[in-house]
Amino acid sequence: MPLTVFGAPLSPFVRKVRVCLLEKRLDYQLEVVMPFTPPEWYLQLNPLGRIPAMKDGELCLADSSVICQYLEEAYGQTARLYGNSPVERAQIRWLEKYADYELAPLTTFGVFRNRILKPSAGHPCNEESVQAALNQKLPPHFDYLERQLGQQPYFVGDQLSMADIALTSQLINMEHGGELIDAGRWPALAAHFARVKALASVESLLPGEQRMTAKLIEMGKRTSQPS
Ligand SMILES: N[C@@H](CCC(=O)N[C@@H](CS)C(=O)NCC(=O)O)C(=O)O
């Protein structure tokens, strides 16, 4: 039975899991569950109501990191995404956590939510909060990540890991929200973003996401027009 991922494609956490599955060449199906108003049955899978969740046979898991770490251990013959030593695993988990808990509140719940989700639901974008994220809160994080990356192609070791996937996943939501990393100020990070986005796994998801984002932008324009 194939694995089932529950969630919506524009969530950075769902994208993380999908890219992990694609890199590991594991078959899966996506069952769309929208966040914030999940159906009652979904609370059986994740009592917090957040996406993603995943089923593997009878096993049900929630939280993107828990899911990806399970896939790494349960499907040991597939591409390794959590490094090759305790040191690498710790570094990868740190950067994954950094992406999910430090970047997400700014890139996804700041820029993307304000610019795309709120207008599509008839609520105004708080552009002041977007500008604060872009100009004050994100730059120190980008400085740190630029230093961590140095001249390496990937954040940890010399191969793709969940650190690269989690960080890129957040930056994709920022891009859907109309903002790119400034390549003049953070050249290594901007090049890394382009490199990871060009992976076949990531590339295969982006056109669908871009179409959905364009639709949401159109909805936002319609709801903001006076009737
Ligand atoms: N740490 C969780 C975060 C999941 C998360 O916050 N998902 C958002 C969508 S991007 C959500 O479901 N929000 C709905 C809510 O908080 O009620 C993970 O990595 O899976």
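Here a colleague and a modeller talk through the cavities and the domain contact of a predicted model.

Colleague: What makes the empty spaces in here cavities rather than pockets?
Modeller: A cavity is a set of points where a 1.4 Å probe fits but cannot get out, whereas a pocket is an open set. By that rule the count comes to 2 cavities of 30 Å³ or more.

Colleague: And how big is the largest cavity?
Modeller: Its volume is about 50 Å³. The second largest cavity has about 40 Å³.

Colleague: How do you know which residues line the largest cavity?
Modeller: A lining residue has an atom within 4 Å of a cavity point. Going by that, the lining is Phe142, Leu145, Phe155, Leu167, Thr168, Leu171, Leu189, His192 and Phe193. Helices H5 (127-149), H6 (162-176) and H7 (187-197) each supply at least two residues of it.

Colleague: What classes of residue make up that lining?
Modeller: There are 7 nonpolar, 2 polar and no charged residues around the largest cavity. Phe and Leu count as nonpolar, while residues outside the nonpolar and charged groups count as polar.

Colleague: Which residues line the second largest cavity?
Modeller: Arg15, Val19, Ile165, Thr168, Ser169, Ile172, Val196 and Val202 do. H6 gives the most, with 4 residues, and helix H1 (12-23) supplies at least two. By class, the second lining has 5 nonpolar, 2 polar and 1 charged residues. Arg counts as charged, and Arg15 is in that lining.

Colleague: Let's turn to the domains. Where does each one run?
Modeller: Domain 1 covers 3-74 and domain 2 covers 86-223. Their C-alpha centres lie 20 Å apart.

Colleague: How do you know that domain 1 and domain 2 are in contact?
Modeller: Contact means heavy atoms within 4.5 Å. With that cut-off, 18 residues of domain 1 are in contact with 26 residues of domain 2. The two domains bury about 1,800 Å² between them, 65% of it on carbon and sulfur atoms. Leu10, Arg15 and Lys16 supply 36% of the area that domain 1 buries against domain 2, more than any other three residues.

Colleague: Why is the meeting of Glu96 and Lys16 called a salt bridge?
Modeller: The rule asks for a side-chain nitrogen of Lys or Arg within 4 Å of a carboxyl oxygen of Asp or Glu. For Glu96 and Lys16, the N to O distance is 2.8 Å, so the pair qualifies as a salt bridge.

Colleague: How many salt bridges are there between domain 1 and domain 2?
Modeller: The count is 3.

Note on methods. Residues numbered from 1 in each chain as written. Predicted model: local features only at pLDDT ≥ 70, side-chain atom pairs only at ≥ 80, totals over all residues. Heavy atoms only, no water. 1 Å grid on protein atoms, 1.4 Å probe; cavity = no way out; pocket = protein on both sides within 12 Å on 5 of 7 lines; lining within 4 Å. Points joined across faces, edges and corners; volume = space filled by probe spheres on them. Domains from an automatic or database assignment. Buried area = accessible area lost by both parts, 1.4 Å probe.
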